[in-house]
Number of protein chains: 4
Amino acid sequence: MIRVGIVGATGYGGRELLRLLLAHPGVEVVAVASTSASGEAVGEVLPAFRKLCGLHFETFDADSLAARCDAVFVGVPGGQSMAPVAALRAAGARVLDIGADFRLKDPALWLQYYKKEHTAAGLLPESVYGLVPFYREALRGAQLVAVPGCYPISLIVPLRPLLDAPLGATPIVADSVSGISGAGRTLNEAFHYPEMNENLKAYKLGVHQHVPEIEQELLNRVTVQFTPHVAPLTRGILSTITVRPEREFDPAPYYAAYADEPFVRVLGPGALPEVKHVRASNYCDFGWHHDRRTGNLLIVSAIDNLVGGTAGMALQCLNVMFGLDESEGLRFGGMTP
Amino acid sequence: MIRVGIVGATGYGGRELLRLLLAHPGVEVVAVASTSASGEAVGEVLPAFRKLCGLHFETFDADSLAARCDAVFVGVPGGQSMAPVAALRAAGARVLDIGADFRLKDPALWLQYYKKEHTAAGLLPESVYGLVPFYREALRGAQLVAVPGCYPISLIVPLRPLLDAPLGATPIVADSVSGISGAGRTLNEAFHYPEMNENLKAYKLGVHQHVPEIEQELLNRVTVQFTPHVAPLTRGILSTITVRPEREFDPAPYYAAYADEPFVRVLGPGALPEVKHVRASNYCDFGWHHDRRTGNLLIVSAIDNLVGGTAGMALQCLNVMFGLDESEGLRFGGMTP
Amino acid sequence: MIRVGIVGATGYGGRELLRLLLAHPGVEVVAVASTSASGEAVGEVLPAFRKLCGLHFETFDADSLAARCDAVFVGVPGGQSMAPVAALRAAGARVLDIGADFRLKDPALWLQYYKKEHTAAGLLPESVYGLVPFYREALRGAQLVAVPGCYPISLIVPLRPLLDAPLGATPIVADSVSGISGAGRTLNEAFHYPEMNENLKAYKLGVHQHVPEIEQELLNRVTVQFTPHVAPLTRGILSTITVRPEREFDPAPYYAAYADEPFVRVLGPGALPEVKHVRASNYCDFGWHHDRRTGNLLIVSAIDNLVGGTAGMALQCLNVMFGLDESEGLRFGGMTP
Amino acid sequence: MIRVGIVGATGYGGRELLRLLLAHPGVEVVAVASTSASGEAVGEVLPAFRKLCGLHFETFDADSLAARCDAVFVGVPGGQSMAPVAALRAAGARVLDIGADFRLKDPALWLQYYKKEHTAAGLLPESVYGLVPFYREALRGAQLVAVPGCYPISLIVPLRPLLDAPLGATPIVADSVSGISGAGRTLNEAFHYPEMNENLKAYKLGVHQHVPEIEQELLNRVTVQFTPHVAPLTRGILSTITVRPEREFDPAPYYAAYADEPFVRVLGPGALPEVKHVRASNYCDFGWHHDRRTGNLLIVSAIDNLVGGTAGMALQCLNVMFGLDESEGLRFGGMTP
């Protein structure tokens with residue numbers, strides 16, 4: 001049994017991780033830490049876990065966690081994981097950060113997009129970007145994993161294999177629509193139920209913090225015009241990607257390696273994904289369409305932002321790190337309906 | 001490995017069963033039958049299961065299923081399982097029917113509420129009502145299990161232990177609100193998205209087919225005024241039960257046996273359940289409130305109609321029938337959000 | 001042109017009132033007051049009204065409002081309208097309070113349910129309960145109108161005509177389900193989008209502040225077991241009322257007077273209302289069913305909580321007060337879809 | 001009073017038109033025709049209009065309608081209005097078609113995108129495209145108005161004034177997200193509530209029938225890569241438009257003429273629209289952002305597809321045709337919440 005701890009288990013990513021880990025046959029959750037809920041029973045704070053999890057939330061203590069856990073997940077808001085991750089690493093723990101703090105290799109970009117000095121930049125070189133299909137080998141021995149962001153996963157999975165294709169120099173247009181859980185549980189008038197139900201909007205045009213992450217993992221070989229949107233659903237991201245290639249080409253061969261990926265489903269030309277087919281699952285589905293009238297290649301991808309976009313991907317990383325079957329605890333089809 | 005088959009896997013109950021069974025470590029799904037999809041790959045018909053299930057839908061053949069399966073689930077619309085269940089039983093299969101046809105012990109009530117002659121009434125005596133907390137022993141050797149209806153589960157779980165309490169003679173009022181998946185996948189203008197989104201309604205007042213099932217499993221000792229409603233959500237049932245007791249009494253002792261039930265969570269006085277805390281889980285949560293002003297006892301219960309109300313309960317029955325750990329494949333907390 | 005002012009126009013009731021009043025051909029909105037938005041343009045604070053309303057929010061000043069307005073609407077949270085209403089009345093203004101402070105005639109009940117001393121109890125005798133079908137005459141000369149609560153409207157309209165029918169002594173069970181706008185715009189984790197979407201719950205069992213209002217307007221001749229619920233929609237209330245009459249009786253004759261009510265639609269036996277048919281309209285629809293098996297009478301009613309349950313009813317009161325056609329500005333059928 | 005008739009009043013566009021027309025002080029609805037509901041009372045078929053509309057649906061009769069009506073609205077599915085419109089025109093009626101059949105000036109494009117011969121192509125020259133800001137003069141005397149499509153309105157309003165700006169030759173990318181009412185009331189498994197709730201998808205990539213309409217009304221001077229999507233809400237369209245201009249330019253001066261348009265709200269740079277601010281209103285809101293990093297201009301627009309995108313625009317056309325105040329019956333701010 002792999003013994004794991006979760007720091008910040010009351011947030012949406014942390015809760016979903018706890019839900020998956022408690023059902024994972026090869027994992028034992030031995031500690032959950034929370035600033036706001038320290039001392040309280042998990043089932044009192046999170047009634048969804050009554051009768052399933054007997055733990056109490058504890059105050060964060062890096063040494064104690066490192067001593068008791070084979071791996072520690074950190075799920076705190078962006079900019080707040082630097083300190084606990086550094087402490088956990090100093091105490092010798094293997095860490096999987098589901099936040100943003102260790103994804104960007106360039107601390108200058110971090111400062112620019114997150115408006116905050118990076119206080120643990122020394123750990124960035126050892127951080128492995130936890131997008132399993134591309135970093136599987138590095139993950140096996142990783143001491144620090146930066147679990148990717150949800151929007152980036154929905155874009156990098158379909159785009160990275162195409163980097164050697166004739167994509168053209170025009171910026172790629174990526175319009176992504178997300179469910180509201182992506183905004184986290186912090187109260188905000190924008191996400192008060194009557195304000196967001198039956199609503200649609202775009203936000204953070206041109207300045208979203210996932211832009212440099214997306215481009216870094218596309219090896220800085222393309223420019224991406226990323227526009228995020230929110231729609232009235234809880235979970236899911238649908239990304240529509242418009243590429244202006246130099247000439248028409250067949251994407252299928254570029255995706256050949258995905259045939260062996262357990263959680264990437266290449267739907268092929270003319271087949272389009274839907275959020276419902278990946279809901280509550282770890283899959284990333286995508287398909288494409290050539291528009292001969294315009295000369296563009298359109299790719300559409302879908303993930304569940306909290307599973308395939310966060311907690312499921314984190315769990316897949318854990319499975320790789322500890323040599324378990326990569327699909328353990330994740331063999332769920334999309335929940336439809 | 002328990003080898004199972006599913007007849008009618010394209011309906012909502014069947015899909016959810018397939019989702020749970022494919023992730024169950026002790027079960028192998030060896031056959032899926034469907035009238036509408038015979039010959040097609042599961043992943044083509046149900047894209048949520050691409051890359052996870054390599055089966056093709058087959059035409060229903062009772063002998064073949066009985067030969068290959070340790071147990072067969074039947075998930076077809078009400079009134080349509082009599083025939084396949086009878087055929088499967090004749091072929092020697094152990095059967096779990098997630099439909100309604102074998103729940104009522106009295107074929108006259110069946111005729112009255114389902115408007116159809118029962119063509120396999122001879123099997124009713126052997127049918128075990130699959131509400132695990134009350135029929136665990138009978139389930140161990142059961143050859144035919146009638147998995148309970150979703151509304152009945154939400155009412156019988158909190159009410160049956162109270163039958164020896166001073167409930168009074170006034171009919172119990174049970175107002176239940178369900179998500180739309182409970183209506184199944186058959187197209188109906190009432191459940192066309194723009195007709196049902198932002199809508200609320202009551203339906204089938206006084207004549208819902210679950211009335212006799214509820215009262216049968218309350219041992220015909222109380223009358224229940226059951227009024228079902230639909231609200232714009234996909235999954236979940238919330239039942240509000242108003243009891244007019246002869247005198248105030250403490251329900252807690254009556255629920256003592258539930259302390260050992262893995263999927264019943266007694267929240268106690270003043271604590272109320274929410275659908276989100278049971279979503280995508282097998283739990284039934286309930287709490288209560290004495291209103292001293294009126295003299296009434298109010299009980300509120302919550303389940304996920306497709307898991308705790310159908311597929312999860314069916315899987316728990318299977319675990320009991322085959323001596324597996326009763327929680328196997330079901331150790332999920334509520335999916336919040 | 002009737003000149004009106006609105007105090008508290010940024011809340012949900014106030015916004016809806018502003019929306020209706022700006023479209024009313026016989027009304028001119030001359031002032032909007034808001035504590036939080038004083039000095040700002042309406043269109044900046046409420047972008048829905050850009051290019052339609054050129055006013056700026058002003059600081060509340062009772063004398064100024066009384067001088068400029070023929071009538072002033074007050075739409076502030078429960079317990080906060082006593083002071084501004086008293087000031088406006090002292091300044092000579094005719095006032096319509098869409099809040100709760102002047103609905104209960106008994107200040108002791110106010111204290112019990114609202115947990116606060118009533119500081120303007122001297123105005124309670126002059127306050128007219130603004131349920132038009134029952135207080136039309138009093139409204140014509142009213143100086144102070146207490147616009148009814150949304151849940152009470154959905155219950156009093158179908159029940160008050162039955163007070164002389166053989167209703168029986170058993171408390172009436174009223175299970176109401178409301179959209180989330182009823183909870184107002186104050187941020188609350190319970191109504192954060194991902195917490196409430198796909199959720200259902202009951203709340204304030206036995207203690208909801210609308211209980212004494214409902215019973216007062218049922219002339220304290222019946223006891224009502226009122227249980228409110230919330231469902232994931234923005235607008236609408238569906239109330240299911242279970243009456244245990246002494247004997248079966250025909251409700252239709254009791255409702256004869258509603259034939260002339262412009263906004264009450266009696267659907268009759270066997271016909272049930274839906275929220276969609278009253279959405280964004282001022283109608284209250286209801287129908288009923290006798291359950292001969294149980295002896296109960298079931299009544300189901302539907303309103304839009306923000307129009308027929310608040311702003312529309314307030315506007316209808318205004319029309320009556322100033323001798324306009326009662327339907328002016330309210331001739332909208334339900335918005336479906 | 002302008003006397004109007006509606007052919008096809010049971011569809012979603014027709015219902016909304018009926019709702020607006022019944023409340024319009026200068027219009028009298030004298031006839032409603034419906035193939036499916038002929039002979040039935042409006043209030044029976046559409047309970048939302050009980051007690052408000054005393055008409056019965058009648059069988060379509062062009063001569064009778066022409067004799068009784070000053071104008072006739074036709075709201076039938078795409079490809080089915082050619083015949084009734086031609087009959088109404090032959091009978092001398094002024095017609096407003098809210099369907100697609102008279103929008104494209106080129107019958108070859110009609111055939112290509114609608115897969116059907118145009119049987120009334122002779123009327124295309126007299127048809128006026130009812131986008132009021134651009135065809136106001138022509139509408140005054142129009143005998144046949146083709147009310148624009150919903151997606152086209154959301155794109156043409158922000159883009160057409162920019163045609164003389166340095167837009168560049170790269171196809172404009174328009175990713176639009178629509179509520180489900182846009183798909184109409186025809187039953188379809190894709191829009192069965194449990195299939196579409198909590199879902200997102202793109203559809204008709206590169207082949208949507210609105211493509212030629214959009215480009216025609218952008219005077220065939222730009223190419224538009226239009227990708228429509230659906231999200232789980234009933235009403236609203238949000239369009240995100242990515243333009244790759246030759247060089248950065250200020251859009252504001254190009255929009256100067258919109259200052260006088262009653263229903264176009266130019267939010268300016270850095271200000272973004274939301275569907276909720278236009279819900280149930282006739283407004284088209286839009287704003288923009290220059291992304292200096294990529295060199296792109298991003299424009300985001302919002303409409304209510306059934307009001308500003310269909311029935312409201314049709315009513316505004318009617319007001320223009322008959323010399324009424326253009327805003328009559330349409331002075332509604334967005335319904336928030």
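Which residue does Val264(C) stand opposite in strand 13 of chain C? The legends below take up that pairing and several other views of this predicted model.

**Figure 1. Strand 13 of chain C and its two partners.**
Here is the pairing asked about above: Val264(C) stands opposite Cys284(C) in strand 13 of chain C. Strand 12 (residues 264–269) of chain C runs parallel to strand 13, and 5 bridges connect the two. With strand 14 (residues 296–303) of chain C, strand 13 pairs in the antiparallel sense, over 7 bridges. Follow that second pairing and you will find Gly287(C) opposite Val300(C) in strand 14 of chain C. The hairpin of strands 13 and 14 of chain C has 4 residues between the strands, and in it Gly295(C) takes a positive phi near 85 degrees. Strand 13 (residues 284–291) of chain C has 7 of its 8 residues buried, so it is largely enclosed by the rest of the structure.

**Figure 2. The open sheet of chain A.**
Let us turn to chain A, where 7 strands form an open sheet with mixed pairing, in the order 9-10-8-11-14-13-12. Strand 9 and strand 12 (264–269) of chain A are the edge strands, each pairing on one side only. Within the sheet, strand 13 and strand 14 of chain A run antiparallel and are joined by 7 bridges. One residue pair to look for is Gly287(A), whose bridge partner in strand 14 of chain A is Val300(A).

**Figure 3. Two domains of chain A.**
Chain A is divided into domain 1, which covers 2–148 + 308–321, and domain 2, which covers 151–305. Their centres, taken over C-alpha atoms, are separated by 25 Å. Where they touch, domain 1 of chain A contributes 21 residues and domain 2 of chain A contributes 24 residues. On the domain 1 side, helix 5 (107–114), helix 6 (132–140) and helix 10 (307–321) of chain A each supply at least two residues. Helix 10 of chain A gives the most to that side, with 6 residues. By class, the domain 1 side of this contact has 13 nonpolar, 6 polar and 2 charged residues. As for confidence, chain A has a mean pLDDT of 97, and 100% of its residues reach 70 or more.

**Figure 4. Leu65(A) and its surroundings.**
This close-up centres on Leu65(A), found in helix 3 (residues 62–68) of chain A. Is Leu65(A) buried or exposed? Leu65(A) is buried, because 26 other C-beta atoms lie within 10 Å. Leaving aside neighbours within four places in sequence, Leu65(A) is in contact with Gly5(A), Ala31(A), Ala33(A), Val72(A), Leu88(A) and Ala93(A). Lys51(A) sits 14 residues apart from Leu65(A) along the chain, and the C-alpha atoms of the two are separated by 24 Å.

**Figure 5. Helix 1 of chain B and what covers it.**
Helix 1 (residues 12–22) of chain B has 10 of its 11 residues buried, so it is largely enclosed by the rest of the structure. Among the buried residues are Tyr12(B), Arg15(B), Glu16(B), Arg19(B) and Leu21(B). Which elements cover the buried residues of helix 1 of chain B? From chain B, the cover includes strand 1 (2–7), strand 2 (27–33), strand 4 (71–74) and helix 10 (307–321). The cover also includes helix 8 (193–196) of chain D.

**Figure 6. Where chain A meets chain D.**
In this view, 41 residues from chain A and 41 residues from chain D make up the contact. Elements that give two or more residues to the chain A side include strand 8 (172–178), helix 8 (193–196), strand 10 (224–230) and strand 11 (237–243) of chain A. That side has 16 nonpolar, 14 polar and 11 charged residues. A turn of 180 degrees and a shift of 0.0 Å along the axis lay chain A on chain D with an RMSD of 0.0 Å. Of the interface residues of chain A, 100% are also interface residues in chain D, so the copies meet through the same surface.

**Figure 7. Where chain C meets chain A.**
Here 14 residues of chain C are in contact with 14 residues of chain A. Helix 8 (residues 193–196) of chain C gives the most to the chain C side, with 3 residues. By class, that side has 7 nonpolar, 4 polar and 3 charged residues. Chain C can be laid on chain A by a turn of 180 degrees and a shift of 0.0 Å along the axis, with an RMSD of 0.0 Å. That is the relation of a two-fold axis. The model as a whole scores ipTM 0.97 and pTM 0.98.

Technical notes:
Residues numbered from 1 in each chain as written. Chains lettered and ligands numbered in written order. Predicted model: local features only at pLDDT ≥ 70, side-chain atom pairs only at ≥ 80, totals over all residues. Contact = placed C-beta atoms within 7 Å. Nonpolar A, V, L, I, M, F, W, Y, C, P; charged D, E, K, R; others polar. Least-squares fit on C-alpha atoms with pLDDT ≥ 70 in both. Domains from an automatic or database assignment. pLDDT = per-residue confidence, 0-100. Buried ≥ 20, exposed ≤ 12 C-beta atoms within 10 Å, placed from the backbone. Pairing = 2+ DSSP bridges.
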